[in-house]
Every structure is written in structure tokens, then in C-alpha cells.
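Here are some notes to read alongside the structure. They go from the overall layout down to individual residue pairs.

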Amino acid sequence: MVTDPQTACFEAGIKFGTLYHQFAGTPVSPESARSLEQAMAEAIENQPYCESVSVDILDDELEAELADSTADYTELTGRFMEVEMQIEYEGVTVRTKMEMEDGYPLMKLVSVE
């Protein structure tokens with residue numbers, strides 16, 4: 001039998017998969033970063049059991065990528081963002097985050113309460 005904490009963790013994974021794979025490759029520039037952060041958070045918050053989502057597009061990383069480029073934008077990848085989510089399912093709260101580790105965007109459980 002699947003427990004409520006396991007289901008809550010599964011729900012968190014679904015939300016991360018949706019967020020990352022829906023928005024990876026989206027054109028992003030310093031001018032569009034804030035509106036893209038908001039759109040991503042609001043889209044994921046529509047899903048069941050999602051209490052909050054925080055998306056932070058990393059300005060320094062984005063500007064460094066564009067410094068030697070002739071383009072005014074690049075495509076969104078995990079290295080340009082940090083994400084935190086809170087999922088609530090049947091009295092269980094799951095906190096998660098995504099951040100770069102060894103050059104790869106990792107999605108992690110922070111706590112299950």
C-alpha cells in the first residue's frame with residue numbers, strides 16, 4: 001500500500017517534471033526573466049496539491065551567457081534557474097528544490113513533514 005508521504009513525494013516529482021520539461025528551451029532574456037518566472041510558477045501552481053512554487057532565474061548566470069553572444073536571448077536550461085516547491089497532500093507537506101550540482105540540475109526533497 002502506498003503511504004501519504006510517498007504520494008506527496010510522487011506529486012512533487014510530477015510537478016518538477018512538468019516545470020522542467022515544459023519550459024526548458026524557452027527563449028529567455030534579462031528583460032523577460034521576471035515574467036517567465038511568474039508564468040512558470042503560476043502554471044505549476046494550477047496542479048493539484050501544489051501550495052507554492054518559487055522560480056528564480058539567475059540574472060548573473062544569464063548575463064554571463066549573453067556577454068559574448070550576438071543574440072539578446074538564450075534558451076532556458078536548469079543552470080539558469082533555482083526552483084522551490086511546497087506540496088501538501090493529506091496532511092503531509094513536502095518541500096523540494098532544484099539547483100545545479102556538478103553541472104547538472106538536480107531536483108531534491110528538502111523535507112517531508
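1. A word on pairing, since bridge partners come up below: two strands count as paired if DSSP finds at least two bridges between them. With that in hand, look at Ile87, whose bridge partner in β5 is Val94. Keep in mind throughout that this is a predicted model.

2. Now the overall layout. The chain has three helices and six strands, and if you read along the sequence they come in the pattern α-β-α-β-α-β-β-β-β. Along its principal axes, the C-alpha trace spans about 55 × 30 × 20 Å.

3. What does the UniProt record say about residues 3-109? The entry, which is unreviewed, puts the feature "domain: Dihydroneopterin aldolase MtpD C-terminal" there. Over residues 3-109, the chain is 39% helix and 35% strand. The C-alpha atoms at the two ends of that stretch lie 16 Å apart.

4. On to the sheet. It is an open one, made of four strands in the order β2-β4-β5-β6, with antiparallel pairing. Which strands stand at the edges? They are β2 (50-57) and β6 (104-112); each has a single partner strand, so one side of each is left without a neighbour in the sheet. From one strand to the next, the twist averages 15 degrees.

5. Take β4 and β5 next. These two run antiparallel and are joined by seven bridges, the pair Ile87 and Val94 being one to look up in the viewer. The β4 and β5 hairpin has two residues between the strands, and Glu90 in this hairpin takes a positive phi near 45 degrees.

6. How many bridges pair β5 with β6? There are eight, and strand β5 (residues 92-101) pairs with β6 in the antiparallel sense. You can follow the ladder by eye: Glu101 has Tyr104 as its bridge partner in β6, Met100 has Pro105, and Arg95 stands opposite Ser111. These strands also form a hairpin with two residues between them, and Asp102 in the turn has a positive phi of about 55 degrees.

7. Helix α1 is worth some time. α1 packs on the sheet, where it touches β2, β4 (81-89), β5 and β6. The direction of α1 makes about 145 degrees with that of β4.

8. α1 also has a helix partner. In general, two packed helices are described by the angle between their axes and the distance between the axes. Here, helix α1 (residues 4-23) packs with helix α2 (residues 33-45) at an angle of about 140 degrees, and their axes are 10 Å apart. α1 and α2 are therefore oblique to each other. The crossing of α1 past α2 is right-handed.

9. Which residues make the contact between α1 and α2? From α1 come Lys15, Thr18, Leu19 and Phe23, while α2 supplies Leu36, Ala39, Met40, Ala43 and Ile44. Sorted by class, the contact has seven nonpolar residues, one polar and one charged.

10. Last, the annotated site. UniProt, again in an unreviewed entry, places the feature "binding site" at Glu11 and Met107. These positions span 97 residues in sequence, yet no two of their C-alpha atoms are more than 13.0 Å apart, so they gather at one spot. Glu11 is found in helix α1, the helix that packs on the sheet.

Methods
Residues numbered from 1 in each chain as written. Predicted model: local features only at pLDDT ≥ 70, side-chain atom pairs only at ≥ 80, totals over all residues. Heavy atoms only, no water. Axes fitted to C-alpha atoms, helices over the stretch in contact; angles between N-to-C directions. Parallel < 35°, antiparallel > 145°, perpendicular 65-115°, else oblique. Left-handed = near helix turned anticlockwise from the far one by under 90°. Contact = heavy atoms within 4.5 Å. Nonpolar A, V, L, I, M, F, W, Y, C, P; charged D, E, K, R; others polar. UniProt positions renumbered as here; feature names shortened; annotations may be inferred.
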